[in-house]
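Open the model in your viewer and keep the selection panel at hand. The stops below go from domains to sheets, then to helix pairs and the contact between chains.

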Amino acid sequence: MESVKVINLKKIFGEQIAVNSINFEIGEGEIVGFLGPNGAGKSTTMKMLTGFLPPSAGESWVTGFNVEKNPLEVKRNIGYLPEHNPLYLDVYVKEYLLFCAGIFKLDKKEERVKNIIDRVGLTPEYKKKIGQLSKGYRQRVGLAQALIHDPKVLVLDEPTSGLDPNQIVEIRNVIKEFGKDKTVILSTHIMQEVQALCDKVIIINKGVIVANDNVQNLQNTSKTKTIIVVQLSKEIELNIFRAVQGVLQAKRIAANKYELECTSDIREQLFFAVAPTGSAIINMQLEQQSLEEIFKILTNPNLKV
Amino acid sequence: MIAVFLKEIRGFFSSLIAYIVIIVFLIITGLLTWVFKNNTFESGYSNLDILFFWSPTVLIFLISAITMRSFSEEKKSGTLEILITKPLTDFQIVLGKYFAGLVLVFLALLPTLIYFFTVYQLGDPVGNIDTGATWGSYMGLLWLGSIYVSIGLFSSALTDNTIVAFILSFFLCLIMYIAFDLLSGVSWFNGIDYYVQWLGINSHYQSISRGVLDTRDLLYFISTTVLFLWLTKTKLESRKW
């Protein structure tokens with residue numbers, strides 16, 4: 001059974017259509033990346049799923065409960081980290097988490113809070129006030145808040161934005177660790193994040209879903225050409241590359257470094273073409289079209305192929 | 001609701017808010033009752049009329065101050081989104097905050113029982129004080145505080161600026177407390193002046209202060225409190241419109 005289901009969900013703010021009749025389903029246990037440029041409607045969709053904003057039209061279900069008709073049941077099953085991670089800065093970490101546990105009427109509150117503090121890596125900081133924490137630790141508090149009741153569905157709105165590279169990796173590990181037995185929807189505009197964490201990607205642009213597939217498929221299908229980067233020990237004529245069958249275009253991108261647009265993976269042929277010139281191949285790399293490019297193509301009408 | 005209530009109470013006491021409110025209230029009422037001109041000694045009667053005369057005004061300041069952050073700050077910092085996406089109804093959030101405010105008012109009034117005890121002892125003979133009227137007045141103050149708290153929450157829900165919330169709450173409390181009394185004196189309202197007066201808190205406060213528990217007064221206090229709590233809830237829900 002799908003754990004999140006959205007049918008014709010629409011949100012209009014005044015004149016502006018923020019989300020325009022989107023449909024998607026997310027299976028149990030999947031980690032889905034919600035990708036899109038700023039203002040694409042990612043946050044609005046998440047706010048509707050978590051019951052903060054009602055949709056203008058359409059319906060959504062979370063773990064089988066209708067968000068409009070059964071908001072409390074839905075909220076019990078969702079852990080939500082809003083964008084910018086709002087927190088009470090003048091409250092102690094432990095006190096805040098006890099408060100959250102109290103809302104869910106959990107039993108063995110102390111134990112649970114201790115457990116979650118441990119699991120998200122807050123142990124060295126849990127005696128401090130939230131306002132005294134660094135951004136990375138605040139993000140952990142935000143995650144702990146969303147995870148305290150062991151929800152089935154986790155909705156994370158840009159969980160790593162504004163963090164330094166180390167913190168990003170740490171937070172990703174926490175998400176990965178907890179995502180094992182949960183359905184996770186996370187929004188981001190960092191492509192590597194999707195590649196690192198997600199099974200599926202939903203790309204949304206101007207309120208419309210432009211792609212909804214698993215990461216591997218998306219990378220394969222939209223690949224129109226193969227790019228090979230070759231690094232040599234000595235400069236050679238570009239024509240040597242151009243003579244090889246399958247090479248569409250060759251260009252020199254740095255000293256002794258060439259980028260070749262090819263119809264397929266022809267690295268072997270390239271090796272034999274270069275060898276007679278006496279220049280050694282130091283490095284030869286097949287560039288997969290990154291999600292970044294797919295994202296650019298899908299969300300920018302001018303680049304559309 | 002209980003979780004929200006406890007969090008608010010803890011918030012009052014872990015910051016200086018609770019202590020300041022209680023101490024300021026006691027200092028002001030203490031000075032007015034015992035030290036300044038026209039104090040209880042000078043009046044020559046064993047009663048606490050001065051305390052009960054000034055308290056409603058002092059409470060306007062203090063209650064507006066304690067409630068001004070309740071929603072405006074949550075809105076500004078975005079924590080309201082967290083609160084709303086937890087399994088709580090909007091009304092539970094409002095009620096949690098209301099009861100926390102009310103408890104703080106109660107705690108501020110509690111030490112003034114010492115005043116009562118003092119006057120009780122000073123009476124000639126000892127205990128010569130209108131106990132019924134005193135309890136009635138305390139009851140009246142609590143109910144008045146209850147309306148002020150609900151007004152404060154409503155004002156705070158209207159804006160994400162705490163200063164605006166304070167001024168709004170102050171103004172609305174003042175209107176509810178005394179403006180209808182003043183209005184009823186205006187010549188346009190000749191004939192219906194009683195009903196105009198009846199809309200304000202003061203007439204009911206005066207009535208309950210005599211020690212008479214009239215259900216009409218109780219009904220007024222309860223319904224006015226509920227009205228403002230309902231308005232607060234409606235304002236919170238307005239995100240959905």
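## Domains of chain A

The C-alpha centres of domain 1 and domain 2 of chain A are 45 Å apart. This is a predicted model. To see the two parts, colour residues 2–214 of chain A as domain 1 and residues 226–287 as domain 2, following the domain assignment.

## First sheet of chain A

Select strands 2, 1, 4 and 5 of chain A: in that order the 4 strands form an open sheet with antiparallel pairing. Strand 2 (16–27) and strand 5 (65–66) of chain A are the edge strands, each paired on one side only.

Now restrict the view to strand 1 (residues 2–13) and strand 4 (residues 57–62) of chain A. These two run antiparallel and are joined by 5 bridges. Which residue of strand 4 of chain A is the bridge partner of A:V6? Label A:S60 to find that partner.

Add helix 1 (residues 42–49) of chain A, which packs on the sheet and touches strand 1, strand 2 and strand 4 of chain A. The direction of helix 1 makes about 120° with that of strand 1 of chain A.

## Second sheet of chain A

Move to strands 12, 13, 11 and 14 of chain A, which make up an open sheet of 4 strands in the order 12-13-11-14, again with antiparallel pairing. At its edges are strand 12 (247–254) and strand 14 (281–287) of chain A, each pairing on one side only. On average, neighbouring strands of this sheet are turned by 20° against each other, direction ignored.

Inside this sheet, pick strand 11 (residues 226–232) and strand 13 (residues 257–262) of chain A, an antiparallel pair with 6 bridges. Show the side chains of A:V230 and A:Y258: the former stands opposite the latter, which belongs to strand 13 of chain A.

Helix 10 (residues 267–274) of chain A packs on the sheet and touches strand 11 and strand 14 of chain A. Its direction makes about 155° with that of strand 14 of chain A.

## Helices 5 and 6 of chain A

Select residues 135–147 (helix 5) and 165–179 (helix 6) of chain A, which pack at an angle of about 15° with their axes 10 Å apart. That angle makes helix 5 of chain A roughly parallel to helix 6 of chain A. The crossing of helix 5 over helix 6 of chain A is right-handed.

For the contact itself, show these residues as sticks:

- from helix 5 of chain A: A:G136, A:Q139, A:R140, A:L143 and A:L147
- from helix 6 of chain A: A:Q167, A:E170, A:I171, A:V174 and A:F178

By class, the residues of this contact comprise 5 nonpolar, 3 polar and 2 charged.

## Helices 9 and 10 of chain B

Go to chain B and select helix 9 (residues 131–158) and helix 10 (residues 162–184), whose axes lie 8 Å apart at an angle of about 140°. Helix 9 of chain B passes helix 10 of chain B in a right-handed crossing. Among the residues that meet here are B:I147, B:I151 and B:L158 in helix 9 of chain B, and B:L168, B:L172 and B:M176 in helix 10 of chain B. The contact has 9 nonpolar, 4 polar and no charged residues.

## Between the chains

Finally, display both chains. Chain A gives 21 residues to the contact and chain B gives 17. On the side of chain B that touches chain A, helix 1 (2–14) and helix 6 (79–84) of chain B each supply at least two residues. That side of chain B has 6 nonpolar, 5 polar and 6 charged residues.

Methods: Residues numbered from 1 in each chain as written. Chains lettered and ligands numbered in written order. Predicted model: local features only at pLDDT ≥ 70, side-chain atom pairs only at ≥ 80, totals over all residues. Axes fitted to C-alpha atoms, helices over the stretch in contact; angles between N-to-C directions. Parallel < 35°, antiparallel > 145°, perpendicular 65-115°, else oblique. Left-handed = near helix turned anticlockwise from the far one by under 90°. Contact = placed C-beta atoms within 7 Å. Nonpolar A, V, L, I, M, F, W, Y, C, P; charged D, E, K, R; others polar. Pairing = 2+ DSSP bridges. Domains from an automatic or database assignment.
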